[in-house]
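This briefing concerns the packing of two helices and a patch on the surface. Please consult the sequence and structure shown here before reading the points that follow.

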Amino acid sequence: MTIKRISSGGEYEAKVGYCRAVVANGFIFVAGTCAQGDDIPEDIVGQCQSALDAIGKALAEAGASFADVVRVNYYLPDMSEFELCWPLLVKTFGANPPAATVTECNLITPKDRIEIEVTAALP
């Protein structure tokens with residue numbers, strides 16, 4: 001079995017010891033992803049878009065897209081904010097909605113409003 005590891009260079013990858021995505025056994029496992037970069041938005045919709053951008057980049061590097069996502073997990077410290085993200089998520093997954101779970105929990109930093117984890121099938 002060949003395993004491919006994809007790094008995004010995110011600050012916590014080296015600190016915690018993980019990579020953004022792993023390609024193995026015909027699947028792409030993308031780690032929980034929060035907003036990325038130096039200018040992280042404070043609002044949940046901006047953070048959701050930033051996380052999706054990082055996930056989309058990892059999927060593309062693995063040879064896939066959001067159309068190939070079969071499972072998504074959303075983690076939020078405040079479930080009441082999730083509905084604000086729904087239009088963006090419908091736009092992102094379009095005609096290919098994955099199985100989904102939403103969990104309310106603490107995230108790695110108090111500034112994080114959403115973390116998104118996906119599993120995709122290699123096309």
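The buried residues of helix α3 pack against α2 (44-62) and β4 (69-76). The model is a predicted one, and the points below describe α3, then α2, then a nonpolar patch on the surface.

**Helix α3**
- Helix α3 covers residues 86-93, and its buried residues are L88, L89, T92 and F93.
- These residues lie on the same side of α3, because the arc they cover around the axis is only 115°.
- An α-helix has 3.6 residues a turn, so residues three or four places apart point the same way.
- The exposed residues P87, V90 and K91 sit on the face of α3 that is turned away from its buried side.
- Just after α3 comes G94, with a positive phi of about 50°.

**Helix α2**
- The 19 residues of α2 should span 27 Å at 1.5 Å a residue, and this agrees with the 27 Å between its end C-alpha atoms.
- Buried residues of α2 include I44, C48, L52, I55, L59 and A62.
- Small residues of α2 are also among those buried, including G46, S50, A51, A54 and A58.
- The cover over the buried residues of α2 includes β1 (4-6), β2 (21-24), β3, β4, α3 and β6 (115-121).
- G63 follows α2 and has a positive phi, near 95°.

**Nonpolar surface patch**
- F27, F29 and V70 form a nonpolar patch on the surface, and together they have about 250 Å² of accessible area.
- F29 belongs to strand β3 (residues 27-33).
- F29 counts as partly exposed because its relative accessibility is 40%, between the limits of 20% and 50%.

How values were computed
Residues are numbered from 1 along each chain as its sequence is written. This is a predicted model: local features need pLDDT of at least 70, side-chain atom pairs count only at pLDDT 80 or more; totals for chains, interfaces and linings use all residues. Side-chain values use heavy atoms; hydrogens and water are left out. Patches are made of residues with over 30% relative accessible area and no salt bridge: like charges are joined within 9 Å, nonpolar side chains (Val, Leu, Ile, Met, Phe, Trp, Tyr) within 5 Å. Accessible areas come from the Shrake-Rupley method with a 1.4 Å probe; for residues, only the protein chains shown count as cover. A salt bridge is a side-chain nitrogen of Lys or Arg within 4 Å of a carboxyl oxygen of Asp or Glu. Helices (H or I, at least four residues) and strands (E, at least two) are DSSP runs, numbered from the N terminus. Buried means under 20% relative accessible area, exposed over 50%, partly exposed in between (1.4 Å probe, protein chains only). The arc is that of the directions from the helix axis to the C-beta atoms. Contact means heavy atoms within 4.5 Å. The expected span of a helix is 1.5 Å times one less than its number of residues.
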